[in-house]
Amino acid sequence: AGNLTDQCMDTYWQSNGSRGTHHVEVHLKEPMRVLRFGLLVRGEDVNNGWCPKQVRVFAGDTAASLADLGTRSFTTSTSDGDTVLTLLDNAPGTPRVLRALVEDS
């Protein structure tokens with residue numbers, strides 16, 4: 001999971017779960033203001049049919065107390081380059097935990 005947060009665009013995280021089980025959960029060391037939370041999808045993955053269509057976003061103080069911030073829908077079908085899927089802009093409060101649950105891909 002270190003590849004998820006290493007700030008290097010040459011590394012990646014990949015899930016091998018079944019459809020509807022893919023998620024990312026980030027635990028921050030301290031509560032902080034989150035300005036943006038998103039996923040970067042490589043162009044070749046978009047072109048090969050892997051790009052989430054719906055991602056549900058959660059934030060809160062603990063994994064047990066996450067608030068559902070809603071579902072984000074995406075319609076990317078092809079790409080000449082990488083695609084950034086913005087899941088959250090300006091999270092409410094100062095969460096310690098963020099979760100992105102891929103509902104449809």
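Where is valine 34 found? Valine 34 lies in the loop between β1 and β2, the latter spanning residues 36–41. To see what surrounds this loop, it helps to begin with the model as a whole and then take the sheet.

The model is predicted. Its protein chain has an average pLDDT of 82, and 84% of the residues score at least 70. Confidence is lowest in helix α1, residues 2–5, where the mean is 71. Strand β3, residues 54–60, has the highest confidence, at 93.

Four strands form an open sheet in the order β1-β6-β3-β4, and their pairing is antiparallel. Because β1 (23–27) and β4 (67–73) stand at the edges and each has a single partner strand, one side of each is left without a neighbour in the sheet. From one strand to the next, the twist averages 15 degrees. Strands of a sheet pair through backbone hydrogen bonds, in either a parallel or an antiparallel manner.

Consider the edge strand β1. Its link to strand β6, residues 97–104, consists of five bridges, and the two strands run antiparallel. Within this pairing, valine 24 has alanine 100 of β6 as its bridge partner. In a regular strand the side chains alternate between the two faces of the sheet. β1 shows this alternation: Val24 and Val26 point to one face and are buried. His23, Glu25 and His27 point to the other face and are not buried.

Now return to the loop that holds valine 34. Is valine 34 buried or exposed? Its relative accessible area is 9%, which is under the 20% limit, so valine 34 counts as buried. Leaving aside neighbours within four places in sequence, valine 34 is in contact with Leu28, Asn90, Ala91, Pro95 and Leu98. Leu98 falls within the range of β6, residues 97–104. Valine 34 also illustrates how the fold brings together separate parts of the sequence: aspartate 89 is 55 residues away along the chain, yet the C-alpha to C-alpha separation is 7.7 Å.

One of the contacts of valine 34, Asn90, deserves its own description. Asparagine 90 sits in the loop between β5 (83–89) and β6. Its phi is positive, at about 55 degrees, although the residue is not a glycine. With a relative accessible area of 45%, asparagine 90 is partly exposed, whereas valine 34 is buried.

Key
Residues numbered from 1 in each chain as written. Predicted model: local features only at pLDDT ≥ 70, side-chain atom pairs only at ≥ 80, totals over all residues. Heavy atoms only, no water. pLDDT = per-residue confidence, 0-100. Pairing = 2+ DSSP bridges. Axes fitted to C-alpha atoms, helices over the stretch in contact; angles between N-to-C directions. Buried < 20%, exposed > 50% of the residue type's maximum accessible area, 1.4 Å probe, protein only. Contact = heavy atoms within 4.5 Å.
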